[in-house]
Amino acid sequence: SEPVRRWVRDAFEAGTFEAVDARWRGDVREFPYRQAGDGSGQFRIGGKAKDVLFKYAPNWPTAHGVSGDLLFEGAAMKFTAERGSVLEVPLTGVRARIDDLADARLELDGRASGDAAQFLKFIRESPLADRIGEATRPLVAQGATVLDLSLKVPLAYPARSNVAGRAQWQDGIFEHSLAGLRVDELAGRYEFTEESLTLSGL
């Protein structure tokens with residue numbers, strides 16, 4: 001579909017692709033051969049991405065230095081990243097997939113480890129700023145943090161994306177400037193979606 005073609009063109013910038021393996025057989029009119037093994041055809045392109053700029057969704061902070069395996073097979077796309085970073089925060093376990101190229105819905109999951117201040121910056125520099133960014137402006141947070149993020153993006157209408165994030169932090173500092181509140185040696189978590197930000201377990 002056109003949204004998928006546009007996403008592939010824009011999402012992978014700079015870097016290199018190596019060890020590319022391409023297989024295509026079958027009637028092009030039956031592409032993309034959704035039923036594997038039914039004899040209608042085969043489409044498979046895979047390779048190693050190295051040090052690419054990964055612009056996974058419009059207006060979200062770009063992932064830098066991303067390396068991993070990219071595979072188009074049948075009607076699906078899968079990208080599994082071994083390493084990378086966003087806003088200088090290391091990433092692990094990043095998986096992006098489109099289960100049906102015609103449906104054009106991207107699902108992305110990953111984990112990042114860094115300082116709580118960097119994750120507040122991530123929220124403020126993403127499309128979340130227009131929805132929950134106001135709630136983060138009085139907040140100051142520091143401390144070792146692990147963030148699990150899930151993002152679902154309809155590529156034809158990226159503004160309708162759904163996001164779910166959960167961050168756990170230890171030995172942190174939390175301040176709320178409007179409330180005049182400061183807490184040291186804090187352990188807890190915050191969770192956010194495209195509509196809400198919740199602090200809990202403090």
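Contact here means heavy atoms within 4.5 Å. Helices (H or I, at least four residues) and strands (E, at least two) are DSSP runs, numbered from the N terminus.

Welcome to the tour. This is a predicted model, where local features need pLDDT of at least 70, side-chain atom pairs count only at pLDDT 80 or more, and totals for chains, interfaces and linings use all residues. Residues are numbered from 1 along each chain as its sequence is written, and side-chain values use heavy atoms, with hydrogens and water left out.

**Stop 1: helix α2.** Select residues 116–124, where Ala116, Phe119, Leu120, Phe122 and Ile123 are buried (under 20% relative accessible area, 1.4 Å probe, protein chains only; exposed is over 50%, partly exposed in between). These five share one side of α2, because they span an arc of only 150° around the axis (taken from the directions from the axis to the C-beta atoms). Now show β5 (76–86), β6 (89–98), β7, α3, β8 (139–154) and β10 (181–193): the buried residues of α2 pack against them.

**Stop 2: strand β3.** Next, select Asp21 and Arg44, whose side chains meet in a salt bridge (a side-chain nitrogen of Lys or Arg within 4 Å of a carboxyl oxygen of Asp or Glu) at 3.3 Å, N to O. This pair ties strand β2 (residues 16–26) to strand β3, with their positions 23 residues apart in the chain. Then pick Lys48 and Glu82, another salt bridge, with the closest N and O atoms 3.7 Å apart. Lys48 sits in β3 and Glu82 in β5. Lys48 is partly exposed at 36%, while Glu82 is exposed at 53%.

**Stop 3: strand β10.** Finish with Asp184 and Arg182, joined by a salt bridge of 3.0 Å, N to O.
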